Amino acid sequence: MKSDGIDLLTDLNNIANQLQEELNTLEERGYRKARSEREYKVIARQKALAEKNAGVSVTFISQFIAGEPDVANAKEVRDVEEALYYTSQEKINVLKLQLRIIDKQIDREWNNGGNNFSD
């Protein structure tokens, strides 16, 4: 399927807009990732201190609190936010690749003397 110059420029513009939107999304996901990490660590620390004060052996505390509902829920939220963050990074990489491909197509069109552009 061959695109003309106008289609290529339109595609380039659309992908550039998508890239900007995804960069904004990545920023927000980065904040959410950091907040969820903080929340998880605070909850885990509180549970660990409570178990230590209750006399649970220090070597078993991390295993013991992992099953606590509050800790497990906070860890799940953290893991989901982290996955969304890294998914957004990959989407950005794909969009950048698409931009480079279209840019090369446009370059070939122009360097071919414009013979492939529709009038």
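In this predicted model, the largest nonpolar core has ten residues. Its members are Leu 8, Ile 15, Leu 19, Leu 26, Tyr 85, Ile 92, Leu 95, Leu 99, Ile 102 and Ile 106. Two elements, helix H1 (5-53) and helix H3 (69-111), each give two or more residues to this core. Helix H3 gives the most, with six residues. Within the core, Leu 26 touches Tyr 85 and Ile 92, which are core members too. Leu 26 also touches Ser 88 and Gln 89. These contacts leave aside residues up to four places away in sequence.

A second core is separate from the one above and has seven residues. Among them are Tyr 40, Ile 61, Ile 65 and Val 71. The ring of Tyr 40 also has a charged partner. Arg 78 lies over the face of this ring, at 4.6 Å from the ring centre.

Tyr 85, a member of the ten-residue core, takes part in further ring contacts. The count of aromatic pairs comes to one. That pair joins Tyr 85 and Tyr 86, with ring centres 5.3 Å apart. The planes of the two rings stand at 75°, so the pair is edge-to-face; the cut-off for this class is over 60 degrees. Tyr 86 is partly exposed, with a relative accessible area of 41%. Tyr 85 also has a charge over its ring. The charged end of Lys 33 sits there, 5.5 Å from the ring centre.

Arg 29 is found in helix H1. Its relative accessible area is 19%, and Arg 29 is therefore buried, the limit being under 20%. Apart from neighbours within four places in sequence, Arg 29 is in contact with Glu 22, Leu 84, Tyr 85 and Ser 88. Two of these contacts can be described further. With Glu 22, the side chain of Arg 29 meets in a salt bridge, at 4.0 Å from N to O. Glu 22 is itself buried, at 8% relative accessibility. With Leu 84, the partner is a backbone atom. The backbone oxygen of Leu 84 lies 3.2 Å from a polar atom of the Arg 29 side chain.

Ser 88 has its place in helix H3. This residue is buried, with a relative accessible area of 1%. Not counting residues up to four places away in sequence, Ser 88 touches Glu 22, Thr 25, Leu 26 and Arg 29. Glu 22 and Arg 29, the two partners in the salt bridge, are thus both in contact with Ser 88. Leu 26, another contact of Ser 88, belongs to the ten-residue core.

Across the whole structure, a search finds ten salt bridges. A network of salt bridges links Glu 37, Lys 41, Lys 75, Arg 78 and Asp 79. Within this network, Asp 79 is bridged to Lys 75 and to Arg 78. The side chains of Lys 75 and Asp 79 meet at 3.5 Å, N to O. Lys 75 and Asp 79 are four residues apart in helix H3, so about one helical turn separates them. Both ends of this bridge are partly exposed: Lys 75 has a relative accessible area of 36%, and Asp 79 has 30%. In the bridge between Asp 79 and Arg 78, the closest N and O atoms are 2.9 Å apart. Arg 78 counts as buried, at 15% relative accessibility. Arg 78 therefore combines a buried position with a salt bridge to Asp 79 and a place over the face of Tyr 40.

Further along helix H3 is Asp 103. At 44% relative accessibility, Asp 103 counts as partly exposed. Asp 103 and Glu 21 are 82 residues apart along the chain. Their C-alpha atoms are separated by 20 Å.

Definitions and conventions. Residues are numbered from 1 along each chain as its sequence is written. This is a predicted model: local features need pLDDT of at least 70, side-chain atom pairs count only at pLDDT 80 or more; totals for chains, interfaces and linings use all residues. Side-chain values use heavy atoms; hydrogens and water are left out. Rings of Phe, Tyr and Trp (its six-membered ring) pair if their centres lie within 6.5 Å; planes under 30 degrees apart count as stacked, over 60 as edge-to-face and the rest as tilted. Buried means under 20% relative accessible area, exposed over 50%, partly exposed in between (1.4 Å probe, protein chains only). A charge sits over a ring if NZ of Lys or CZ of Arg is within 6 Å of the ring centre and within 35 degrees of the ring normal. A nonpolar core is a set of buried Ala, Val, Leu, Ile, Met, Phe, Trp, Tyr and Cys residues joined through side-chain atoms within 4.5 Å. Contact means heavy atoms within 4.5 Å. A polar contact is a pair of N or O atoms within 3.5 Å; within protein, one must be able to donate a hydrogen and the other to accept it, and residues adjacent in sequence count only if both atoms are side-chain atoms.
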